[in-house]
Amino acid sequence: MSTAVGGQVRDSALRSSKHALRFDGVTHRYGRHLALDGLCLEVSGGETVALLGPNGAGKSTTMSLLLGLTRPQAGTVEVLGTAPRLAVAQGRIGAMLQTGTGTGLPSHVRVDVMLRLVMRLYRNPAPFDLTVERAGIGRLLRRQTHQLSGGEAQRVRFAAAIAGDPELVLLDEPTAAMDVHSRRSFWQMIHQLGKQGRTVVFATHHLQEADQIATRVVVINHGKVVADGAGATLKAAVTARQVRFSCPSAQHDRLDSLEGVTDVTVAGDCVVLDSLDTDATLWALMRNKVDFSHLEITSAGLEEAFAFLTGSGEGADNGGAP
Amino acid sequence: MRALAAFGRFEAGRLLRNWKFLAITVGFPVIFYMLFLGDHQAGRITDGTVPWRVYLMVAMCTFGSLVAGLTAAGGRLAGERLAGWSRQLRVTPLPGWSYISVKVTATMLVILPVVVLVEVVGASFGGVHMPAASWVELSVLMWVVALPFAVLGVLIGLLVHPETAFPVVTGLMFLLGYFGGLFGPVDRMPRGLQTAAHLLPTYHGASLGLALLDGRGFPVESCLVLAAYTVGLGLAVLQAHRVDERRGVA
């Protein structure tokens with residue numbers, strides 16, 4: 001993961017695994033609001049990274065810094081081995097930003113005219129037809145930009161983001177205005193981008209979808225990384241397994257002291273144990289002759305993992321970076 | 001350079017293909033001119049050295065370029081900023097300065113037909129007769145003189161919300177037009193207003209055109225005032241654009 005200091009230009013394999021982006025102790029505040037608090041993050045070339053976090057966690061600020069739209073007040077941001085603004089000027093980054101209420105497109109212009117313009121802004125753009133195919137906007141080319149629906153405009157903006165054939169693609173809440181169906185096909189397109197060897201970083205709220213596509217999930221809260229890993233690793237790292245069963249005579253205190261158990265919920269006959277080690281908990285249940293039936297072990301979803309991580313921001317500080 | 005050329009062509013095409021917008025922008029000053037021509041009482045007033053009909057045409061050329069400058073840039077640019085298109089362009093290799101310079105250039109492109117059309121109306125209905133060379137000279141001069149209006153339009157577009165752009169543009173249009181003497185010679189106004197007129201780019205824009213036609217000598221003051229406006233507004237545009245870029249997160 002970390003390259004040796006002396007070995008930076010030793011061979012091409014090393015160079016290709018060079019960081020696509022690097023945040024080093026980046027702090028940024030808007031007025032009194034601390035958006036980023038000494039953020040440290042490194043992403044290698046070819047990774048597809050999901051940036052998760054609640055609103056105001058610092059995701060959009062992270063994107064802004066990566067594009068050089070905002071300059072960090074402290075710390076350094078490096079993109080593709082250079083300054084963000086330079087990487088943008090070299091046409092090595094493509095981005096889809098949040099647009100709020102707007103479409104993010106110029107009005108009164110045909111989609112193909114707009115897309116051809118964006119292509120010409122880059123030195124080595126992808127062929128027009130390929131971009132159209134990748135974004136699936138063949139049907140929309142002859143339409144005027146102000147006649148597009150929200151989801152259609154998103155696709156067109158996605159096409160604009162990849163028109164320059166960039167090494168790094170940044171997508172800030174790319175599926176915000178989409179229904180479930182278009183979201184699914186949209187994630188498919190993003191998945192393809194990653195497969196082409198590009199580095200993709202996207203911010204999203206749709207955790208399950210992110211989990212399916214991202215090779216790595218980074219959870220940000222209060223301007224810091226609170227969890228970082230593959231979707232599955234993340235889930236495992238966070239308690240994240242539950243033992244559920246029915247028991248007519250459940251005693252809260254007795255269950256709470258069982259091996260592995262971190263939390264007990266009893267509702268009528270129904271018992272839910274959060275456990276760090278379900279095997280140990282099961283043996284303990286049997287040893288203690290707990291009268292259980294309908295036993296079931298479930299893995300907590302990323303959704304719960306996420307809620308856990310961001311809900312206990314203070315607690316996560318202990319396990320985080322010093 | 002390639003990116004700049006592509007964006008320039010795109011913007012010009014977008015403006016010139018928007019027929020409704022062009023018809024209103026070009027048509028408004030022409031209709032205004034026609035209304036003035038229909039007012040026969042006004043025909044007795046002169047600006048001293050130049051016949052009223054010539055004065056009116058030059059004034060309407062200036063008014064027309066003011067209208068075109070403010071509307072072509074102002075409201076549209078404000079709308080683009082709100083929609084997020086200018087932010088999207090900022091994450092492409094297109095340099096920030098070319099965005100601004102293309103906006104000014106495209107606005108100048110819209111101003112040219114306005115100037116020419118007002119002159120065509122002047123020659124056919126306004127009773128203005130001149131040698132061909134003078135027409136060409138006047139056209140070029142009136143077009144160049146419109147530069148501060150185009151820059152002012154871009155500045156408004158960078159500063160205001162689309163909803164406030166309309167009242168701001170309309171207000172400035174009539175204030176600068178009236179007090180700059182475009183709806184009637186300044187020397188009929190009270191003394192205080194006459195002095196004020198000498199501070200406005202509209203007054204000096206028209207003055208330059210009139211000076212060309214009546215040979216009253218090179219109006220150094222007008223050139224200086226217009227140059228000062230262009231530079232001052234230009235610097236304000238650069239500053240506004242810088243602030244806009246830094247805003248980053250919406």
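**Sheet, domains and chain contact in a predicted model**

In chain A, residue A:A267 stands opposite A:C270, the latter lying in strand β12(A). The model in which this arrangement appears is a predicted one. The two residues belong to a pairing in which β11(A) and strand β12 of chain A, the latter covering residues 270-275, run in the antiparallel sense and are joined over six bridges.

This pairing forms part of an open sheet of chain A, in which four strands follow one another in the order β11-β12-β10-β13 and pair in the antiparallel manner. The sheet is bordered by β11 (261-267) and β13 (293-299) of chain A, its edge strands, each of which pairs on one side only. Between neighbouring strands of the sheet the average turn, with direction ignored, amounts to 15°.

With regard to the wider organisation of chain A, the domain assignment divides the chain into domain 1, spanning residues 12-228, and domain 2, spanning residues 241-299. The centres of domain 1 of chain A and domain 2 of chain A, taken over C-alpha atoms, are separated by 44 Å.

Chain A also touches chain B, in a contact to which chain A contributes 30 residues and chain B contributes 23 residues. On the side of chain A that touches chain B, the elements giving two or more residues are the helices α2 (59-66), α3 (84-89) and α4 (111-120), together with the strand β5 (93-96), of chain A. As for the character of this side of chain A, its residues comprise 15 that are nonpolar, 14 that are polar and one that is charged.

Technical notes
Residues are numbered from 1 along each chain as its sequence is written. Chains are lettered from A and ligands numbered from 1 in the order in which they are written. This is a predicted model: local features need pLDDT of at least 70, side-chain atom pairs count only at pLDDT 80 or more; totals for chains, interfaces and linings use all residues. Two strands pair if DSSP finds at least two bridges between them. Axes are lines fitted to C-alpha atoms, for helices over the stretch in contact, and angles run from 0 to 180 degrees between N-to-C directions. Domain bounds come from an automatic or database domain assignment. Two residues are in contact if their C-beta atoms, placed from the backbone, lie within 7 Å. Ala, Val, Leu, Ile, Met, Phe, Trp, Tyr, Cys and Pro count as nonpolar, Asp, Glu, Lys and Arg as charged, and the others, Gly among them, as polar.
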